[in-house]
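Subject: Structure for you to look at

Dear colleague,

I am handing over the structure below, and I would be grateful if you could keep it open while you read the notes that follow.

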Amino acid sequence: YPETGDTNWGDEATDFAVQTSAAFGKLGLASGTSVDIAQTLDVTGNTTLDANLSVAGTTSFTGNVTLTNNLTVNGNTTLGNASGDTITVTGIVNVDSGGLYVDPVNNRVGINDTTPSQALDVTGNVAITGNETVGGTLGITGDVSVNTNKFNVTASSGNTTIAGTLGVTGNT
């Protein structure tokens, strides 16, 4: 058992060692008979926490980290630190209660939609800056408004058909 002033102690029967450093305020735990303290708390081997873990400051992990339950992160979070890093998420991604929703079963993304019926399903207005290319049929339900001085329809082959009434104001 440790005594006042001891900085190293262990229990050989349980293969457990503790080293403290009063000068640096560090504690190391390891399975084995010696401990090399690299940080304030240095744990070697698998660790199970049965309660909450609060971390203030920077935390780094080497190797895999597995969480069985929920992870809550408050504050700014950076995942990856290089342009070649890949962040892999397995399962549903639900940001801000459906603001962005990824359905991995059907390979669909919803924006303001948690049940996307298409590869990209947006509920709400969309603003696009730049050119758009549609490589298939463009189906429009509702009115079409073109806010420009010019509107061109060019058919590469076949006919261009307008069903219903076409109203034109000005010269044609």
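Before the details, one term is needed: strands here are DSSP runs (E) of at least two residues, numbered from the N terminus. With that numbering, the loop between β7 and β8 is the place of Asn 112. Please bear in mind throughout that this is a predicted model, and that the values below are computed from it.

As to the overall make-up, the protein chain has 8 strands and 0 helices, so that from the N terminus on the elements read β-β-β-β-β-β-β-β. The chain counts 172 residues, of which 9% are buried, a residue being called buried when its relative accessible area is under 20%.

Around β7 there are several details to look at. Asn 107, which sits in the loop between β6 (100-103) and β7, has a positive phi of about 55 degrees although it is not a glycine. Asn 107 is classed as exposed because its relative accessible area is 65%, and the cut-off for that class is over 50%. Asn 112, in the loop between β7 and β8, also has a positive phi, in its case near 60 degrees, and is likewise a residue other than glycine. Within strand β7 itself, which covers residues 108-111, you will find Val 109; its relative accessibility is 27%, and therefore Val 109 counts as partly exposed. From Val 109 to Leu 120 the distance in space is 5.0 Å, C-alpha to C-alpha, while the two are 11 residues apart in sequence.

Further back in the chain, Ile 92 is placed in the loop between β4 (41-44) and β5 (93-95), and because its relative accessibility reaches 53% it counts as exposed. Ile 92 and Val 105 are 13 residues apart along the chain, and their C-alpha atoms are separated by 8.4 Å.

The remaining findings concern the segment after β8 (120-122), where Leu 138 has its place. Leu 138 is exposed because its relative accessible area is 59%, and this residue belongs to a nonpolar surface patch of about 700 Å², whose other members are Val 134, Ile 140, Val 144, Val 146, Phe 151 and Val 153.

Leu 138 also brings us to the second largest pocket, which has a volume of about 950 Å³. Of the 16 residues lining that pocket, the closest to its centre are Glu 132, Val 134, Leu 138, Ile 140 and Val 144. By type, the lining divides into 9 nonpolar, 5 polar and 2 charged residues. Val 134, Leu 138, Ile 140 and Val 144 thus appear both in the surface patch and among the residues closest to the pocket centre.

With kind regards

Key. Residues are numbered from 1 along each chain as its sequence is written. This is a predicted model: local features need pLDDT of at least 70, side-chain atom pairs count only at pLDDT 80 or more; totals for chains, interfaces and linings use all residues. Side-chain values use heavy atoms; hydrogens and water are left out. On a 1 Å grid over the protein atoms alone, a cavity is a set of points where a 1.4 Å probe fits but cannot get out, and a pocket is an open set with protein on both sides within 12 Å along at least five of seven lines; lining residues have an atom within 4 Å of a point. Grid points are joined across faces, edges and corners, and a volume is the space filled by probe spheres set on the points. Ala, Val, Leu, Ile, Met, Phe, Trp, Tyr, Cys and Pro count as nonpolar, Asp, Glu, Lys and Arg as charged, and the others, Gly among them, as polar. Patches are made of residues with over 30% relative accessible area and no salt bridge: like charges are joined within 9 Å, nonpolar side chains (Val, Leu, Ile, Met, Phe, Trp, Tyr) within 5 Å. Accessible areas come from the Shrake-Rupley method with a 1.4 Å probe; for residues, only the protein chains shown count as cover. A salt bridge is a side-chain nitrogen of Lys or Arg within 4 Å of a carboxyl oxygen of Asp or Glu. Helices (H or I, at least four residues) and strands (E, at least two) are DSSP runs, numbered from the N terminus. Buried means under 20% relative accessible area, exposed over 50%, partly exposed in between (1.4 Å probe, protein chains only).
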